[in-house]
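Q: I've got a new model open and want to learn how to read it. Can you walk me through it, one feature at a time?

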Amino acid sequence: PSQIALSNMKLEIYDTWGSMIYSEEGDSLRGWDGKIKNSDAENGNYYYTFSGDTFYGKNITSKGVVVLIK
């Protein structure tokens with residue numbers, strides 16, 4: 001497996017109403033499995049935020065919308 005060369009990563013997923021439904025942080029991330037409290041999430045738009053540190057110590061951030069379709 002290849003390395004993404006990021007550390008201190010943090011991923012958060014929010015529902016349409018702004019409630020955080022998923023969060024994880026660390027040097028490797030598993031990713032959201034499309035569930036909320038062990039139940040399948042509804043189809044729709046979800047908002048994500050991501051941050052991480054590069055090998056050179058620069059912090060990068062990203063945010064946007066994820067559309068869940070089953």
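A: Sure. Let's begin with burial: a residue counts as buried when its relative accessible area is under 20%, and as exposed when that area is over 50%. Keep in mind that this is a predicted model.

Q: What percentage of the protein chain's residues count as buried?
A: Of its 70 residues, 27% do.

Q: And how much surface does the protein chain expose?
A: About 5,300 Å², with carbon and sulfur atoms supplying 52% of that.

Q: Which secondary structure elements should I look for?
A: Strands: the protein chain has six of them and zero helices. Going along the sequence, you read β-β-β-β-β-β. The C-alpha trace spans about 40 × 25 × 20 Å along its principal axes.

Q: How do I read the contacts along the sequence?
A: Take the contacts with a separation of 6 or more; in the protein chain, 37% of these join residues 24 or more positions apart.

Q: Which residues make the nonpolar surface patch?
A: Tyr47, Val65, Val67 and Ile69 make it, and the patch covers about 410 Å². Ile69 sits in the segment that follows strand E6 (59-68).

Q: Is Ile69 buried or exposed?
A: Use the cut-off from before: exposed means over 50%. Ile69 has a relative accessible area of 69%, so Ile69 is exposed.

Q: Last one: how far apart are the mean positions of the positive and negative charges?
A: They are 3 Å apart, taking the 7 positive and 9 negative charges of the protein chain.

Notes. Residues are numbered from 1 along each chain as its sequence is written. This is a predicted model: local features need pLDDT of at least 70, side-chain atom pairs count only at pLDDT 80 or more; totals for chains, interfaces and linings use all residues. Side-chain values use heavy atoms; hydrogens and water are left out. Patches are made of residues with over 30% relative accessible area and no salt bridge: like charges are joined within 9 Å, nonpolar side chains (Val, Leu, Ile, Met, Phe, Trp, Tyr) within 5 Å. Accessible areas come from the Shrake-Rupley method with a 1.4 Å probe; for residues, only the protein chains shown count as cover. A salt bridge is a side-chain nitrogen of Lys or Arg within 4 Å of a carboxyl oxygen of Asp or Glu. Helices (H or I, at least four residues) and strands (E, at least two) are DSSP runs, numbered from the N terminus. Buried means under 20% relative accessible area, exposed over 50%, partly exposed in between (1.4 Å probe, protein chains only). Contact means heavy atoms within 4.5 Å. Lys and Arg count as positive and Asp and Glu as negative; His and the chain ends are not counted. The place of a charge is taken as NZ of Lys, CZ of Arg, CG of Asp or CD of Glu.
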